[in-house]
Amino acid sequence: MQQSAVPELAHAHTRPIHWLATATALAGVVALSSALQPDAARAAQPVPKAGPAPAIVAAPDPAEVDLPLDCGPVGVVVKRKGSGDLDGDGRPETVAVAHCDASMGTPPDGVYVLTRSTDAARPRVVATLVNPKDRTTVSDFAVRDAVVTATLHGYSSPEVPNCCPDVTDPVKWQWKNGAFVRSTPAGEQSV
């Protein structure tokens with residue numbers, strides 16, 4: 001008979017007393033760890049500067065503005081909107097993509113910049129980035145880091161049917177020298 005190189009373990013089989021001892025030890029560790037918590041962190045708080053707090057102006061709501069759309073008897077639909085401080089004055093502007101609520105077809109979109117001054121009760125339209133008369137629709141719309149981006153879908157001629165735009169332009173607008181300047185994002189080309 002051959003003998004094992006590893007000596008036989010005295011506790012090869014677990015018994016209820018082993019489980020009870022393990023559970024008791026674990027309960028003791030949990031109880032001890034809850035009693036020995038580290039001190040609360042004490043971060044230095046900034047001292048507020050004296051003087052009046054700046055007036056907080058909410059981003060304009062497109063529902064509070066009469067958008068310059070001639071929709072006749074149908075209403076206006078705000079398809080997308082985004083807000084941010086586009087001109088660096090510390091107050092947020094809202095950019096709204098809107099069109100007439102047509103029951104058929106794809107109505108052209110208008111893109112409008114709205115602002116609210118601290119003393120005005122209602123917001124107002126300060127810029128039209130896309131005029132509905134241009135017969136374009138807007139997709140991939142975003143407002144980020146004081147830049148408005150979108151993809152415009154339009155038509156190469158009046159003979160192209162409204163169902164089938166054949167021109168796609170990725171565009172961006174940014175406030176420069178007192179006006180919104182339109183450009184093509186870097187790395188993008190019209191199709």
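This is a short tour of a predicted model, moving from the whole chain to strands β2, β3 and β4.

**Whole chain**

Start with everything shown as cartoon. You should find one helix and eight strands. Follow the chain along its sequence and the order reads α-β-β-β-β-β-β-β-β. Now switch to a surface view. The accessible surface comes to about 13,700 Å², and carbon and sulfur atoms account for 56% of it. Of the 191 residues, 27% count as buried. Turn on contacts between residues at least 6 apart in sequence: 39% of these join residues at least 24 apart.

**Strand β3**

Select residues 110-115, which form strand β3. How many of the six residues are buried? Six of the six are, so the strand is largely enclosed by the rest of the structure. Look along the strand and check the two faces. G110, Y112 and L114 point one way. V111, V113 and T115 point the other way. Both sets are buried.

**Neighbours of β3**

Add residues 93-100, strand β2. β2 and β3 run antiparallel and are joined by five bridges. To see one of the bridges, pick A98, whose partner in β3 is G110.

Next add residues 124-130, strand β4. β4 also pairs with β3 in the antiparallel sense, again over five bridges. Here, select L114 and find V125 of β4 opposite.

**A96**

Go back to β2 and select A96. Is A96 buried or exposed? Its relative accessibility is 0%, so A96 counts as buried. Show what surrounds A96, leaving aside neighbours within four places in sequence. Contacts from β3 residues include G110, V111 and Y112. The others are P62, V78, R80 and K81. Then draw a C-alpha to C-alpha distance from A96 to D61: the two are 9.0 Å apart in space and 35 residues apart in sequence.

**E93**

Stay in β2 and select E93. E93 is buried yet has no salt bridge. Which side chain of opposite charge is nearest? That is R91, 5.7 Å away. A salt bridge needs a side-chain nitrogen of Lys or Arg within 4 Å of a carboxyl oxygen.

Now look for a backbone partner. The backbone nitrogen of L86 lies 2.7 Å from a polar atom of the E93 side chain. Widen the selection to the contacts of E93 beyond four places in sequence. Among them are G82, S83, G84, D85, L86 and D87. P60 is also in contact with E93, as are V113, L114 and T115.

Key. Residues numbered from 1 in each chain as written. Predicted model: local features only at pLDDT ≥ 70, side-chain atom pairs only at ≥ 80, totals over all residues. Heavy atoms only, no water. Helix = DSSP H or I, 4+ residues; strand = E, 2+ residues; numbered from the N terminus. Buried < 20%, exposed > 50% of the residue type's maximum accessible area, 1.4 Å probe, protein only. Contact = heavy atoms within 4.5 Å. Areas by Shrake-Rupley, 256 points an atom, 1.4 Å probe, with all protein chains shown as cover. Lys, Arg positive; Asp, Glu negative; His and termini not counted. Polar contact = N/O pair within 3.5 Å; in protein donor to acceptor, adjacent residues only side chain to side chain. Pairing = 2+ DSSP bridges.
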